[in-house]
Number of protein chains: 2
Amino acid sequence: MSDMTIGALARIASLAPSAVRYYESQGLLPKPARRGGQRRYSSQDLGRLRIIQLALAAGFTVAETRTFLTGFSATVAPAARWRALAKRKLAELDEQMERCSRMKKLLESNFHCKCPSLANCERGFAGERNVEGSPCS
Amino acid sequence: MSDMTIGALARIASLAPSAVRYYESQGLLPKPARRGGQRRYSSQDLGRLRIIQLALAAGFTVAETRTFLTGFSATVAPAARWRALAKRKLAELDEQMERCSRMKKLLESNFHCKCPSLANCERGFAGERNVEGSPCS
DNA sequence: CTACGACTTAAAGTGCGCTTGAAGTCAAGC
DNA sequence: GCTTGACTTCAAGCGCACTTTAAGTCGTAG
């Protein structure tokens, strides 16, 4: 599992080698050991990469992700700032899940009627009455 | 509620007038009536705008959102295609909620220990052992 | 009449998260 | 020795969702 090239690591994580280099350039991944000028990665690096992928997929920016991975090294109270950011992001994640849930409901409410679009049939959307001409059953 | 200018509509929806014009240019909003050359919006337009905002916030692209709003007008089986896309997006929304949930757990697991970063303290992350030197309690 | 603020257009610019291109290096196989 | 393929760097390019800029129009108040 250890001592992977960037190509091998990228294949396992299902992303492009260029993305891995980009993460390194942005301080998300540490500068790895090299052999013959080429980067070599361990399974620990893979673990870290998976955290990065999860964070980015969950909507974190590269800067936020870096902060969570590396902390606030330059401040007087790094842990306190970390917790403050974490708290904010936890709230944002809740909001995002709520939005996804609402969008799901909107889609589902239209899925089982005859309307081929949300524009004609808006039943299920908060407070909206059916638009005239909607083929809603 | 009806007969709003673009500025009024944008203020209510908490976005920039330029964003509303952009949505119109992308076919998300219909071309509104005009008075003295200026766009006038109804509360129905506001309803549609709120759907757009929800869809985009939930991770839909502009093109996907347009499809859900306007349907597939040029195909032989619009409703069938609409349903196929809706089904795919419902699955994607589930995945996104799952990712958010996993990220929340990762953040929470680190929130209550002494680590000021995820890099040092990775407890709670699937399969990961504590990194040596981690101040994890 | 003039000044003001909010609107209009089309085109160019921005920020983010990468990707691509060009030119070069390295190790293995024939 | 030479080719091959995967790697290297750095800079430029891309797609998306807007935003900004420049120059102009409209309706109201003074």
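**Helix α3(A) and the surface near DNA strand C**

Q: Which residues of α3(A) are buried?
A: This is a predicted model, and a residue counts as buried here if 20 or more other C-beta atoms lie within 10 Å of its own. In α3(A), the residues that pass are D45(A), R48(A), L49(A), I51(A), I52(A) and A55(A).

Q: How are these residues placed around the axis of α3(A)?
A: An α-helix has 3.6 residues a turn, so residues three or four places apart point the same way. The buried residues of α3(A) cover an arc of only 155° around the axis, which puts them on the same side of the helix.

Q: What do the buried residues of α3(A) pack against?
A: Both chains take part. Chain B supplies α5 (78–111). From chain A come α1 (6–13), α2 and α4 (62–70).

Q: How far does α3 of chain A reach from its first C-alpha to its last?
A: The helix runs over residues 43–57, which is 15 residues. At 1.5 Å a residue, 21 Å is expected, and the span of α3 is close to that: 21 Å.

Q: Which residue with a positive phi follows α3(A)?
A: Just look past the helix. The phi there is near 105°, and the residue is G59(A).

Q: Which residues come nearest to DNA strand C?
A: There are 18 residues around the strand; by class, eight are nonpolar, eight polar and two charged. Elements that each supply at least two of them include α2 (17–25) of chain A and β2 (38–40) of chain B. Those that come nearest are S18(A), G36(A), T5(B), G7(B) and R39(B).

Notes:
Residues are numbered from 1 along each chain as its sequence is written. Chains are lettered from A and ligands numbered from 1 in the order in which they are written. This is a predicted model: local features need pLDDT of at least 70, side-chain atom pairs count only at pLDDT 80 or more; totals for chains, interfaces and linings use all residues. A residue is near a molecule or strand if its C-beta atom, placed from the backbone, lies within 6 Å of it. Helices (H or I, at least four residues) and strands (E, at least two) are DSSP runs, numbered from the N terminus. Ala, Val, Leu, Ile, Met, Phe, Trp, Tyr, Cys and Pro count as nonpolar, Asp, Glu, Lys and Arg as charged, and the others, Gly among them, as polar. The expected span of a helix is 1.5 Å times one less than its number of residues. A residue is buried if 20 or more other C-beta atoms lie within 10 Å of its own, exposed if 12 or fewer, and partly exposed in between; C-beta atoms are placed from the backbone. The arc is that of the directions from the helix axis to the C-beta atoms. Two residues are in contact if their C-beta atoms, placed from the backbone, lie within 7 Å.
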